[in-house]
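Me: Please take a close look at the nonpolar core of this predicted model. I should like one connected account that begins there and then proceeds to the features around it.

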Amino acid sequence: SGVRDIAWVPGADRTVNALALVSGAIYAAGEFTTIRGESHRRLARIPTGGDGHADASFNPVLDDSGYALAISSDLSRIEVGGGFARVRTAQYLATATLSTADGSVVAAAHDAEVPGWVNRIAAQPNGGVIVGGDFAKVDQQRHEHLFRLKPDRTLDTAWRADVTGSQINALLTGPDSAVYVAGPLSAIND
């Protein structure tokens, strides 16, 4: 109806950059460190029912900003992108795959070159993931601003989009495996 639910007030202390909805919960990523005064560092799961308190059983803790979220087609994983270098205490440079159930890391790290960040992620219908941002390498291989993870979350070294420009600002995948990108770009596969 468009009427605001005055009982549901998450109250993040800083910016929320991305939202994703899965099975009665909203996942939020951003620059915040608390939700309703409780510690949730840059990533939280907030049930859509209730008053907006974040779920204490889901608390992955990013050491820097989260900018992008995408949910796997089977709803079991959440892809997180940002400017972070760590999830909890383990190194995950700018991208991580977490369980939607408890926030635990469920796939190997793929390190976007630092300095750099991931600001867009899109899940593909086949289970793959397209990742975009401002970086030049992933896992020490040249992938300027864009790369693909296979459904098993290994880097797809055969998929390469040579992007010339400064970063990916928008990203969309189509049902036919097409990938659409936008940003201050001058060429793709040129």
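Reply: The largest nonpolar core of this predicted model comprises 18 residues, and those with the most contacts inside it are Tyr 27, Leu 43, Leu 69 and Val 80. Five strands each supply at least two residues of this core: β1 (16-22), β2 (25-30), β6 (66-71), β7 (77-82) and β10. Apart from this core lies another, of 12 residues, among them Val 118, Val 129, Val 131 and Phe 147. As a general background, nonpolar side chains in soluble globular proteins tend to be buried together.

Leu 69 merits a closer description. When residues up to four places away in sequence are set aside, Leu 69 touches Ala 18, Leu 19 and Ala 20, then Tyr 27, Ala 28 and Ala 29, and also Leu 43, Ile 78, Glu 79, Val 80 and Ile 121. Tyr 27, Leu 43 and Val 80, which stand with Leu 69 among the residues with the most contacts inside the core, are thus also partners of Leu 69. The list of partners includes one charged residue, Glu 79.

Ala 20 offers the view from the other side of one of these contacts. Ala 20 is found in strand β1, and its relative accessibility of 11% is under the 20% limit, so Ala 20 counts as buried. With the same exclusion of residues up to four places away in sequence, Ala 20 touches Ala 25, Ile 26, Tyr 27, Leu 69 and Ile 71. The C-alpha atoms of Ala 20 and Ala 68 are separated by 9.2 Å, although these residues are 48 residues apart along the chain.

Ser 39 provides a further reference point. Ser 39 has its place in strand β4 (residues 38-39) and is partly exposed, with a relative accessible area of 44%. Beyond residues up to four places away in sequence, Ser 39 touches Thr 33, Thr 34 and Asn 59. The C-alpha atoms of Ser 39 and Leu 93 are separated by 22 Å, and these two residues are 54 residues apart along the chain.

Strand β10, already named as a supplier of the core, also takes part in the lining of a cavity. The count comes to 1 cavity of 30 Å³ or more, and the volume of the largest cavity is about 30 Å³. Its lining consists of Thr 95, Ala 96, Thr 97, Ala 107, Ala 108, His 110, Leu 149 and Arg 153. Strand β10 (residues 95-99) gives the most to this lining, with 3 residues. By class, the lining divides into 4 nonpolar, 3 polar and 1 charged.

Ala 94 lies in the loop between β9 (90-91) and β10. Ala 94 has a positive phi of about 75° although it is not a glycine, and at 1% relative accessibility Ala 94 counts as buried. A positive phi is also found at Asp 139, near 50°, again in a residue other than glycine. Asp 139 belongs to the loop between β13 (137-138) and β14; at 28% relative accessibility, Asp 139 counts as partly exposed.

Strand β14 leads to the charged pairs. Side chains of opposite charge can pair when their charged atoms come close. The structure holds 5 salt bridges, and a network of them links Arg 142, Glu 144 and Asp 162. Within this network, the closest N and O atoms of Arg 142 and Glu 144 are 3.7 Å apart, while those of Arg 142 and Asp 162 are 3.3 Å apart. Arg 142 lies in strand β14 (residues 141-142) and Asp 162 in the loop between β15 (146-149) and β16 (163-165), so this pair ties together parts that are 20 residues apart in sequence. Each member of the network is partly exposed: Arg 142 has a relative accessible area of 45%, Glu 144 stands at 25% relative accessibility, and Asp 162 has a relative accessible area of 27%.

A further salt bridge joins Arg 148 and Asp 156, with the closest N and O atoms 2.9 Å apart. Here both Arg 148 and Asp 156 are buried, whereas Arg 142 is partly exposed.

Definitions and conventions: Residues are numbered from 1 along each chain as its sequence is written. This is a predicted model: local features need pLDDT of at least 70, side-chain atom pairs count only at pLDDT 80 or more; totals for chains, interfaces and linings use all residues. Side-chain values use heavy atoms; hydrogens and water are left out. On a 1 Å grid over the protein atoms alone, a cavity is a set of points where a 1.4 Å probe fits but cannot get out, and a pocket is an open set with protein on both sides within 12 Å along at least five of seven lines; lining residues have an atom within 4 Å of a point. Grid points are joined across faces, edges and corners, and a volume is the space filled by probe spheres set on the points. Helices (H or I, at least four residues) and strands (E, at least two) are DSSP runs, numbered from the N terminus. A nonpolar core is a set of buried Ala, Val, Leu, Ile, Met, Phe, Trp, Tyr and Cys residues joined through side-chain atoms within 4.5 Å. Buried means under 20% relative accessible area, exposed over 50%, partly exposed in between (1.4 Å probe, protein chains only). Contact means heavy atoms within 4.5 Å. A salt bridge is a side-chain nitrogen of Lys or Arg within 4 Å of a carboxyl oxygen of Asp or Glu.
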